[in-house]
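Here are some notes for a colleague who is opening this structure for the first time. They begin with the chain as a whole and then turn to single elements and residues.

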Amino acid sequence: MDGQQRRALILGAGGAVILLAVLFVVVGVDRVVDALAAADPVLVAAAAGLGLCWLAAWSLMLRAVLGALDVEMSVWTAFLVYSGAAFANNVTPFGQAGGEPVAAALISKVSGARYETGLVGIASVDVLNVVPSVSLVFLGVGSYAATTAVGDRVGFAVASAVGLIAAIVSAIAFVWRYRVAVVDRVPGAVGPFLGRFDRFDAETIEAGLADRLGNFFADIERVGTDRPRLLGIVALSLLGWLFQAAALTAAFAAVGHPISPLIPIFVVPLSYVAGATPLPGGLGGIEAALVGLLVPTTGVAASAITAAVLVFRGAVYWLPMVIGGASASALGVKAFE
């Protein structure tokens with residue numbers, strides 16, 4: 001871990017701790033602790049089990065994507081690799097954007113595939129997860145609005161999420177449309193600059209970048225043109241989102257406040273917008289976003305909501321952290337090298 005990475009991790013962790021501390025102070029630490037102490041352990045375990053089901057579904061997504069790239073991987077290995085990728089996402093700032101390079105290195109090491117192929121694999125999983133999440137947001141909000149007025153906070157969250165997703169999709173579409181120009185021009189622009197700091201000359205760097213970019217776009221095209229496989233991948237993504245929504249529903253039941261399962265269907269994907277922050281895995285930001293969305297939509301006391309959110313995040317953040325950290329260590333890849 002170099003100095004810059006260490007500073008980013010420390011600042012991100014510090015920001016997460018501050019956000020969580022503010023949340024607990026506002027809600028009331030004692031009331032949250034009491035709600036957690038009274039939680040049904042069987043339902044807490046059920047939430048954890050649903051969290052593992054989510055992890056398994058998205059690991060199968062990764063396996064299917066890599067299969068389209070002729071990278072074979074067993075179900076168990078795919079689970080370990082995706083768990084390691086989730087660990088990388090959870091310990092680096094900006095969520096998936098920060099963890100993808102580490103995840104690509106992990107895929108490359110385990111499978112022997114090119115680094116850019118591993119990057120396409122994990123990036124495809126992240127991008128394809130957007131499609132079901134947007135659908136669930138609109139479906140969930142629409143169903144919720146049919147019986148209850150949608151408040152300003154939820155409306156603002158939906159608008160923000162849609163705006164961010166639209167910006168990301170537009171940027172991806174722009175790069176894809178002009179991918180030939182990117183391969184032709186980016187290496188020539190970047191090579192001389194990197195050549196000042198690298199042991200290789202600028203021409204060698206340019207050739208290497210052009211080759212990697214060409215392979216990267218070719219692999220993306222292979223994934224996108226396999227339509228039957230693509231539909232199966234999106235179905236696995238949807239299944240993973242539903243497992244997360246079910247985990248949050250179980251978490252509320254565990255703290256003695258059952259809620260409509262329709263609410264987590266749109267609240268969970270909306271909260272992940274907070275993951276696009278300089279916080280490790282969105283820690284602190286996602287918890288605050290969940291509480292902020294659930295208070296006006298459930299009518300449950302903020303302390304009970306916070307307790308349920310902590311149970312949920314234990315299932316989908318901390319449990320994958322433990323499994324993924326062990327997986328990454330066993331497979332020989334560190335989050336920071």
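1. Accessible areas here come from the Shrake-Rupley method with a 1.4 Å probe. On that basis the chain, which is a predicted model, exposes about 15,700 Å², and carbon and sulfur atoms supply 68% of this area. Buried residues, meaning those under 20% relative accessible area, make up 44% of the 337 residues in the chain.

2. As to secondary structure, the chain has 14 helices and zero strands, and from the N terminus on the elements accordingly read α-α-α-α-α-α-α-α-α-α-α-α-α-α. When contacts between residues at least 6 apart in sequence are considered, 76% of them join residues at least 24 apart. Several of the points below give examples of residue pairs that are separated along the chain.

3. How do helices H3 and H4 cross? The axes of H3 (residues 41–68) and H4 (residues 75–91) come within 8 Å and cross at roughly 105°, and because angles of 65 to 115 degrees count as roughly perpendicular, the two helices are roughly perpendicular to each other. On the H3 side the contact is made by Leu 52, Leu 55, Ala 56, Trp 58, Ser 59, Leu 60, Leu 62 and Arg 63, while H4 contributes Val 75, Ala 78, Phe 79, Val 81, Tyr 82, Ser 83 and Ala 86. By class, the contact of H3 with H4 has twelve nonpolar, two polar and one charged residues.

4. The loop between H3 and H4 holds Asp 70, and the backbone at this residue deserves a look. Most residues other than glycine have a negative phi, whereas phi of Asp 70 is near 65°, a positive value in a residue other than glycine. Asp 70 counts as exposed because its relative accessibility is 59%.

5. Pro 41 belongs to helix H3 and, at 60% relative accessibility, counts as exposed. Although Pro 41 and Ala 254 are 213 residues apart along the chain, their C-alpha atoms are separated by 7.2 Å.

6. Is Leu 23, a residue of helix H1 (residues 3–27), buried or exposed? With a relative accessible area of 13%, Leu 23 is buried. Leaving aside neighbours within four places in sequence, Leu 23 is in contact with Glu 287, Ala 288, Val 291 and Thr 306. For one of these partners, Ala 288, the separation from Leu 23 is 265 residues in sequence and 6.7 Å in space, C-alpha to C-alpha.

7. Ala 35 has its place in helix H2 (residues 29–37) and counts as buried at 16% relative accessibility. Not counting residues up to four places away in sequence, Ala 35 touches Val 255, Ser 303, Ala 304 and Ala 307. Ala 35 and Ser 303 are 268 residues apart in sequence, yet they lie 7.3 Å apart in space, C-alpha to C-alpha.

8. His 257 lies in the loop between helix H11 (227–254) and H12, and with a relative accessible area of 32% His 257 is partly exposed. Outside the residues up to four places away in sequence, His 257 touches Phe 252, Val 300 and Ala 304. The C-alpha atoms of His 257 and Thr 298, which are 41 residues apart along the chain, are separated by 9.4 Å.

9. How many of the ten residues of helix H12 are buried? The helix, spanning residues 262–271, is mostly covered, with nine of its ten residues buried: these are Ile 263, Pro 264, Ile 265, Phe 266, Val 267, Val 268, Pro 269, Leu 270 and Ser 271. Ser 271 in particular counts as buried at 0% relative accessibility, and, leaving aside neighbours within four places in sequence, Ser 271 is in contact with Ile 286, Ala 289, Leu 290 and Leu 293.

10. Thr 297 is found in helix H13 (residues 285–298) and counts as buried, at 7% relative accessibility. What does the side chain of Thr 297 reach? The side chain reaches the backbone oxygen of Leu 293 at 2.8 Å. Leu 293 has already appeared in these notes as one of the contacts of Ser 271.

Methods. Residues numbered from 1 in each chain as written. Predicted model: local features only at pLDDT ≥ 70, side-chain atom pairs only at ≥ 80, totals over all residues. Heavy atoms only, no water. Buried < 20%, exposed > 50% of the residue type's maximum accessible area, 1.4 Å probe, protein only. Helix = DSSP H or I, 4+ residues; strand = E, 2+ residues; numbered from the N terminus. Contact = heavy atoms within 4.5 Å. Polar contact = N/O pair within 3.5 Å; in protein donor to acceptor, adjacent residues only side chain to side chain. Axes fitted to C-alpha atoms, helices over the stretch in contact; angles between N-to-C directions. Parallel < 35°, antiparallel > 145°, perpendicular 65-115°, else oblique. Nonpolar A, V, L, I, M, F, W, Y, C, P; charged D, E, K, R; others polar.
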